[in-house]
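Work through the exercises below with the sequence and the 3D structure open. Each task is followed by a solution in steps.

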Amino acid sequence: MLRTRLSEEYGLRVPIVLAPMGFLSMPPLAAAVSNAGGLGLIGVGPAPPPAFADLVRATRALTSAPFGAGFIVEDGAFGPATVDEHVEVAAAERLAVVVFHWNLPPRSWVDALRRAGTRVWVQVGTVERAREAVALGADAVICQSSEAGGHVRGVASLVSLLPAMVDAVRPTPVVAAGGIADGRTLAAALLLGAEAVSLGTRFIATPEANAHPEYKRRIVGAGPDDTVLTHIFGPEWPDGRMRVLRNRVVEEWRGRDERTPPQPEPPQFIGSTPLGGVEYRMPKFSCMLPTPETTGDLEEMCLAAGESAALTHAVTPAADVVQTLVGDAESLLRDRAPSRTSRLLSSKR
Ligand SMILES: Cc1cc2nc3c(=O)[nH]c(=O)nc-3n(C[C@H](O)[C@H](O)[C@H](O)COP(=O)(O)O)c2cc1C
């Protein structure tokens, strides 16, 4: 099995992390990844503290392995996505890991979690932010590169950002996120210095992911140039830079996508999705991701996905994704790399 310092310290069988995707990384997927030996992270998104506590309990009912959660640090139309009570729940439940994304968390949250024995990771997109996260007390940083899906803080591709970040924060472990979906990209990230990898898009194409079937199908069908960075989505969280699949609304606004456009008058709704126990009418440009219960026009919706969609070829169970990635990376490193290396280093002309 593939082992790293981080996987051993955290009691994982494999150095693979489920990205905490709001709406999609729900208890069945988080538990499946943890049961497969990785680290499942619940995507808390806009869920209020009592709903988050329910998600933790539901995950615990499905796994006895370590798991965690990801919080967004940002104010939006629903107020601050994360509040003190979220952090209190995570600490009381002694989650293995909490990830913060978008902005840095207050030091009081970091201290409270670490006192409870929960490790704190911060997902960042620049070397400077990584240093700030470590100064704040982060146990690890997630290096999110520009290939990543969803809200992207990454400013450069993984192949240049990851080694720079590893050098900058050593000995703090760095987890790689963005562009990883198969054994080759897993092996490459480990060789570039990552202690683990965090995958979002690849895990959307699993039966356990809480994503609309058509959304999964489009990820499986996507090629390398089928995702783009855009700011059009988000009356709920305006002007976020997101990597999404191309669809009609994305193409219509190409070249005019540096901000979330104003809402049309009269208001237009593109669909409906359950949110906090009520039916939420999705306004034009909504950044809510389509789940199995969502109705409406997917050509108008935010289909967040990374460039790694191009390496995602089928909907397969999360445990198979983990096993295939690890098996392929092992055989690449053990069997294929030595013969390739000896050819590269051969003195024959
Ligand atoms: C659909 C989707 C939703 C996401 N939601 C979140 C989120 O709520 N919180 C978070 O920290 N990261 C989120 N991310 C970003 C991931 O943490 C990670 O950076 C990204 O998935 C890595 O790229 P990949 O999707 O190509 O694997 C999301 C990513 C995707 C694709």
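A residue counts as near a molecule if one of its heavy atoms lies within 4 Å of that molecule. The model is predicted, so to speak of a local feature requires pLDDT of at least 70 and a side-chain atom pair requires pLDDT 80 or more, while totals for chains, interfaces and linings use all residues. Residues are numbered from 1 along each chain as its sequence is written, and side-chain values use heavy atoms, leaving out hydrogens and water.

**Exercise 1.** Find the residues that surround the ligand and sort them by class.

Step 1. The ligand is surrounded by 24 residues. The closest are P20, Q144, G200, T201 and S308.

Step 2. Sort with this scheme: Ala, Val, Leu, Ile, Met, Phe, Trp, Tyr, Cys and Pro are nonpolar; Asp, Glu, Lys and Arg are charged; the others, Gly among them, are polar. The shell then holds twelve nonpolar, twelve polar and no charged residues.

**Exercise 2.** Identify backbone atoms in polar contact with the ligand, then state how much of the ligand is buried.

Step 1. A polar contact is a pair of N or O atoms within 3.5 Å.

Step 2. A polar backbone atom of G200 is 2.9 Å from an oxygen atom of the ligand. For G22, a backbone N or O atom lies 3.0 Å from a ligand oxygen. For G149, the distance from a polar backbone atom to a ligand oxygen is 3.3 Å.

Step 3. The ligand taken alone exposes 590 Å², and the protein buries 96% of that (Shrake-Rupley method, 1.4 Å probe).

**Exercise 3.** Locate the cis peptide bonds at P171 and P266, and the positive phi at F23.

Step 1. Most residues other than glycine have a negative phi, and most peptide bonds are trans.

Step 2. The bond from R170 to P171 is cis, with omega near 10 degrees. P171 lies in the loop between α7 (158-169) and β10 (174-177); helices (H or I, at least four residues) and strands (E, at least two) are DSSP runs numbered from the N terminus.

Step 3. E265 and P266 are joined by a cis bond with omega about -5 degrees. The loop between α11 (248-252) and β14 (269-275) contains P266.

Step 4. F23, in the loop between β1 (16-18) and α2 (27-35), has a phi near 75 degrees.

Terms used. Polar contact = N/O pair within 3.5 Å; in protein donor to acceptor, adjacent residues only side chain to side chain.
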